[in-house]
Amino acid sequence: MALLPHLSRSFSGLLAEVSSLTQRKAFSVSAIAAAIQKMTRVRVVDNSSLGNTPYHRPPRVIHVYTKNGIGKVGDKVLLAIKGQKKKALIVGHKMPGERMSPRFDSNNVVLIEDNGNPTGTRIRVPIPTHLRQMEGDYSKLLAIANKFV
């Protein structure tokens, strides 16, 4: 019986030590939670022939045309798609953005030419409505979209 209080004290000390270790558990403290950055796999959502024919590698971002290298909706990126380099415009990403902006199931891009015209003639997924208020020339892109969120 004298052994029982000693065991309970050592057991409670062990529990206190374990709980203090779990409270000091490391967690991520990254400064920037990236939406789309280099080497991100994306999905081409227009009906261009380059974006829709199957290929053994998914399209990947190889450059983001912003100061910090993080792409949000409305930013231009450079893609590696089927062994070619093509410019694209981000029209949706998985990362939650600012308030009242939709979060998508995939990182969506629309292929554009060097002058900013879309390569395809239709966009197959809904486009965020706040793309209308953003500065930049998105009028041709918004003209070929048929759904807005």
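Contact here means that heavy atoms lie within 4.5 Å. The structure is a predicted model, in which local features need pLDDT of at least 70 and side-chain atom pairs count only at pLDDT 80 or more, while totals for chains, interfaces and linings use all residues. Residues are numbered from 1 along each chain as its sequence is written, and side-chain values use heavy atoms, with hydrogens and water left out.

**Exercise 1. Determine where confidence is lowest and where it is highest in the chain.**

Solution. Begin with pLDDT, the predictor's confidence in each residue, from 0 to 100; its average over the chain is 83, and 78% of the residues score at least 70. Next, go to the elements, which are DSSP runs numbered from the N terminus, helices being H or I with at least four residues and strands E with at least two. Helix 1 (residues 3-23) has the lowest confidence, at a mean of 54, whereas strand 2 has the highest, at 97. Where pLDDT is low, the predicted coordinates should not be read in detail.

**Exercise 2. Work out the strand order of the open sheet and find which strands stand at its edges.**

Solution. Two strands are taken to pair if DSSP finds at least two bridges between them. With this criterion, the five strands of the open sheet follow the order 1-5-4-3-2, with mixed pairing. Strand 1 (43-44) and strand 2 (60-64) each have a single partner strand and stand at the edges, so one side of each is left without a neighbour in the sheet.

Now take the pairings in turn. Strand 2 and strand 3 (residues 76-81) are antiparallel over four bridges; among the bridge partners are V64 with V77 and H63 with L78. Strand 3 and strand 4 are also antiparallel, over six bridges, and L79 has K86 as its bridge partner in strand 4. Two residues lie between the strands of this hairpin, where K82 takes a positive phi near 55°.

**Exercise 3. Establish whether L89 is buried or exposed, and list what L89 is in contact with.**

Solution. First locate L89, which belongs to strand 4 (residues 84-92). The scale is relative accessible area, with buried under 20%, exposed over 50% and partly exposed in between (1.4 Å probe, protein chains only). With a relative accessible area of 3%, L89 is buried.

Then set aside neighbours within four places in sequence: L89 is in contact with G74, D75, K76, N108, V109, V110, I112, Y138 and L141. One of these, Y138, is 49 residues from L89 along the chain, and the C-alpha atoms of the two are separated by 9.6 Å.

**Exercise 4. Identify which elements supply residues of the largest nonpolar core.**

Solution. A nonpolar core is a set of buried Ala, Val, Leu, Ile, Met, Phe, Trp, Tyr and Cys residues joined through side-chain atoms within 4.5 Å. The largest one has 15 residues, and V45, V91, V110, I123, I127, L131 and L141 have the most contacts inside it. At least two residues of this core come from each of strand 4, strand 5 (108-112) and helix 3 (139-144), and helix 3 gives the most, with three residues. Apart from this core lies another, of 13 residues, including I36, V61, V64 and I81.

**Exercise 5. Find what lies over the face of Y65 and over the ring of F148.**

Solution. A charge sits over a ring if NZ of Lys or CZ of Arg is within 6 Å of the ring centre and within 35 degrees of the ring normal. K87 lies over the face of Y65, at 5.4 Å from the ring centre, and the charged end of R132 sits over the ring of F148, 4.1 Å from its centre.
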